[in-house]
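Trainee: I'm new to this one. Could you walk me through it, and tell me how each label is earned?

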Amino acid sequence: MKALKSMKGFARAAVIAFAVVTFAVSAYGVTGPPVITDGSMDPTETVLTLSGTNLLGEHGFGVYSVTMGGILASSATSTATTITATFTTPFSAGSYAVVALFKKTPTASDNSYQATIDVTVGAVGPQGP
């Protein structure tokens, strides 16, 4: 009987330890890395829309900046699944590297908190038959 009572005490302690660790991680808001899965921009527009997961960044403070083809967006906002970036002029048809930089704190960014994707604007390549 003593072994069974000891196992119940161990199981109870393990469950409590798991709950404490889970609460500590969620209290600090640490999530997985941001991942961009899709991006689109109409060639006559200046708004880039990106979608994915954890787009508030690993610390939950949101996107800091977005560059497309090396051009910095004039503004960028994010939710958990969407980033919207506005540029001052439209892009020509082509494929562009997009880099979203995330906040490490409410006011500071860090290059280790970023996500990338290539986005195609308009029709690219030779015309089909």
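Mentor: Sure. One term up front: contact means heavy atoms within 4.5 Å. And keep in mind that this is a predicted model.

Trainee: With that in hand, what is Met68 in contact with, leaving aside its neighbours within four places in sequence?

Mentor: Its partners are Met41, Leu48, Phe87, Phe91, Tyr96, Ala97, Val98 and Val121. Met68 also belongs to the largest nonpolar core, which has 22 residues. Together with Leu48, Val66 and Phe87, Met68 touches the most other members.

Trainee: Which strands each supply at least two residues of this core?

Mentor: Strand 2 (47-53), strand 3 (63-68), strand 6, strand 7 (94-103) and strand 8 (109-121) do. Strand 8 gives the most, with 5 residues.

Trainee: Why does Ser65 count as buried?

Mentor: Buried means under 20% relative accessible area. Ser65 comes in at 16%, so it counts as buried. You'll find Ser65 in strand 3. Leaving aside neighbours within four places in sequence, Ser65 is in contact with Leu72, Val99, Ala100 and Leu101.

Trainee: And why is Asn54 called partly exposed?

Mentor: Same kind of check: buried is under 20%, exposed is over 50%, and partly exposed is in between. Asn54 has a relative accessible area of 29%, so partly exposed is the right label. Asn54 sits in the loop between strand 2 and strand 3. Its phi is near 55°, which is a positive value in a residue other than glycine.

Trainee: On to the sheet. What is the order of its 4 strands?

Mentor: The order is 1-2-6-5 in an open sheet, and the pairing is antiparallel.

Trainee: What makes strand 1 and strand 5 edge strands?

Mentor: Strand 1 (35-40) and strand 5 (75-78) each have a single partner strand, so one side of each is left without a neighbour in the sheet. From one strand to the next, the twist averages 20°.

Trainee: How do you know that strand 5 and strand 6 pair?

Mentor: Two strands pair if there are at least two bridges between them. Here 4 bridges join strand 5 to strand 6 (residues 82-86), so the pairing cut-off is met. The two strands run antiparallel.

Trainee: Which residues in strand 6 are the bridge partners of Ser75 and Ser78?

Mentor: Ser75 has Thr86 as its bridge partner, and Ser78 has Ile83.

Trainee: How many residues does the hairpin between strand 5 and strand 6 go through?

Mentor: The hairpin joins strand 5 to strand 6 through 3 residues.

Terms used. Residues numbered from 1 in each chain as written. Predicted model: local features only at pLDDT ≥ 70, side-chain atom pairs only at ≥ 80, totals over all residues. Heavy atoms only, no water. Axes fitted to C-alpha atoms, helices over the stretch in contact; angles between N-to-C directions. Core = buried A, V, L, I, M, F, W, Y, C linked by side-chain atoms within 4.5 Å. Buried < 20%, exposed > 50% of the residue type's maximum accessible area, 1.4 Å probe, protein only.
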